[in-house]
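Visitor: Please take a close look at the pockets of this protein, and at what lines them.

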Amino acid sequence: MTSHIPMVIPKPEPVTDSSPQTPIPPSSFFNFNTTTTQSPLEPNLYTEFTNVAETFRSAFAQRLKRHEDVTVLDSLTGAIVPVPEEQDPDPDPVSYPSQSLKPRKPQERSSELVRITDVGPEGERQFREVVRKTRMIYDSLRIFLILEETREELGRRRGRPDSKAASMMKERFLWLNRDKRIVGSIPGVQVGDIFFFRLELCVMGLHGQTQAGIDYLIGSRSSNGEPIATSVIVSGGYEDDDDQGDVIIYTGHGGQDKLGRQAEHQKLEGGNLAMERSMYYGIEVRVVRGFKYENAVSSKVYVYDGLFRIVDSWFDVGKSGFGVFKFRLERIGGQVEMGTSVLKFAKTLKTNPLSVRPSGYISFDISNRKENAPVYLFNDVDDDQEPLYYEYLATTSFPRGILSGSGDGGDNASGCDCVSGCSSGCICERKNGGEFAYDHHGNLIRMRPLVHECGRGCKCPPTCRNRVTQKGLRSRLEVFRSVETGWGVRCLDILHAGAFICEYVGVALTREQANILTMNGDTLVYPARFCSDRWKDWGDLSQVFPDYERPSYPQIPPVDYAMDVSKLRNVACYISHSNDSNVIVQLVLHDHNNLMFPRVMLFAAENIPPMTELSLDYGVSDDEWSPKLAICN
């Protein structure tokens, strides 16, 4: 362990948030350093250190019984010491708290300030999984509230769904990182992560204030009586801010009127004093940037841009003539590129790509306008141009007779009679188990064995909410050459969790046709093998509603066809394989009713930032994947 706790460990302010933190995996460590160059603070540091050490000796007692590598430090010497055993078993390190679903009396937020370091790859993976599941619950609950409000057709709104969802999760103790105030990085949250709602930052423990831009611990709860800042949000709310990327001139808070104009002098108190004290003690702060970004889910996005250090502060006259406190924040080196920089870069690529990448482009649309959005081809690694040698196929080609005729193989003759769009109670809703698969933004609400979209037999317009995948590619994709994965795919737009990406396209073969080709040594792609088991709990709200019952859907026959992509293919065939994928497969029917031949549609399994490589679990082992690479890459 090489990193250290900040030079002072103050206590946080009392708030109404009361949710306990998800248990920390035993692979993580809390590091404390008892040496400091700030001699006036040493007595307070040792006093607080004693309190924290006592807490951890009790909290980690059970983990020591199972993991001998957990470090516990003596409060005076810093030596590793034995810990007395506790009787109560410790919860599973990566599962949610198993507390009752009945609301309990709110508890004050913990007075501990800690830094979590050296979690290791496995620990980070476990933390990431907890963050992913919590965000999934938040998004599922938010969508559920929207649909419930629409279904009830109320004349008045019951409050913002994002706010209501956060409040309900807080009541069920599902907010993360509430039993300790974390300084520095939040385990499981990565630089570049995108959030669509301010309250989602609170749910993750990334920023604890619902409105204020500075999150800090008030002095009355600190052992030395001084506040400490832990995170800030830069969203352009103050006219004197100067955001230069790696350097930010951040204006303190206070003094604004209801219209957001500076109306009086700021004071060195609250968050402003906390920022000054964090500068004095050398404590870094997390920086989240919020700005308007075109998307169908919210009016703006928030991007976590990593850790910054406060290097200077001063009192200045602002543009409105009132005194304001300014703080110079500089980004700490060694971190990955900021998410906001990637967003700006991707935005430029969509409008003027050669201005930022003058070389490396092979084609600006390998689909030759067969897709609604162009598909770039980029290679700055070698001279390989393989994707140009294949004919681009926009939709899967099925065997003759599948898309015509009558009965199970015929057109959607039993379509809906909806004129302005499908509504509750229509035949298409009943075909989907009594609820539509998509929300009003076209995002997949939860996975199911099969989705029945409206087809040619339906009278609803193209704008119907039950027509999503049949509209084709909506986001601009790029096939790129990678040293690690050969050819890969990334998106130039933000993909919200549940957003449709594209169809996985090839020439569909019956079992008999596939057997003939495999006898010749050809390697095929089998849709039945695609694995999305990790995402089957998508939409599960049992931790929020005690009487929640997960919807059940009719089972479908096994998907018994293969797909040949050796000569005809689309952009999806270049998506890399990963057991920890960010793309899921959903089977869909819309142009025929043959359950044996559904279309393979790809959706975002989480919020995916621009320029992030897409990955898909092909349901094969590493040994089996080798021949598939020869086809797909």
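Guide: What follows describes the largest pocket, then the second largest, and then the chain around them. This is a predicted model, in which local features need pLDDT of at least 70 and side-chain atom pairs count only at pLDDT 80 or more, while totals for chains, interfaces and linings use all residues. Residues are numbered from 1 along each chain as its sequence is written, and side-chain values use heavy atoms, with hydrogens and water left out.

Rolling a probe the size of a water molecule over the atoms shows where empty space is left. A pocket here is an open set of points, on a 1 Å grid over the protein atoms alone, where a 1.4 Å probe fits and protein lies on both sides within 12 Å along at least five of seven lines; lining residues have an atom within 4 Å of a point. Grid points are joined across faces, edges and corners, and a volume is the space filled by probe spheres set on the points.

The largest pocket holds about 1,100 Å³ of space. Its lining consists of 47 residues, and those nearest the centre are Arg-128, Gln-190, Glu-606, Pro-609 and Thr-612. At least two lining residues come from each of helix H3 (120-152), helix H7 (339-351) and strand S23 (576-577); helices (H or I, at least four residues) and strands (E, at least two) are DSSP runs, numbered from the N terminus. H3 gives the largest share, 10 residues. By type, the lining of the largest pocket has 19 nonpolar, 14 polar and 14 charged residues. Ala, Val, Leu, Ile, Met, Phe, Trp, Tyr, Cys and Pro count as nonpolar, Asp, Glu, Lys and Arg as charged, and the others, Gly among them, as polar. The largest pocket lies between domain 1 (121-348) and domain 2 (360-404 + 413-616), because both give residues to its lining. The domain bounds come from an automatic or database domain assignment.

The second largest pocket has a volume of about 790 Å³. It is lined by 33 residues, with Tyr-293, Glu-294, Asn-295, Asp-493 and Ile-494 closest to its centre. Strand S10 (285-292) and H7 each give two or more residues to this lining, and the largest share, 6 residues, is that of H7. The lining of the second largest pocket divides into 12 nonpolar, 11 polar and 10 charged residues. Domain 1 and domain 2 each supply at least three of its residues.

As for the surroundings, the protein chain has 10 helices and 26 strands. Of its 633 residues, 55% are buried (under 20% relative accessible area, 1.4 Å probe, protein chains only).

Technical notes:
Buried means under 20% relative accessible area, exposed over 50%, partly exposed in between (1.4 Å probe, protein chains only).
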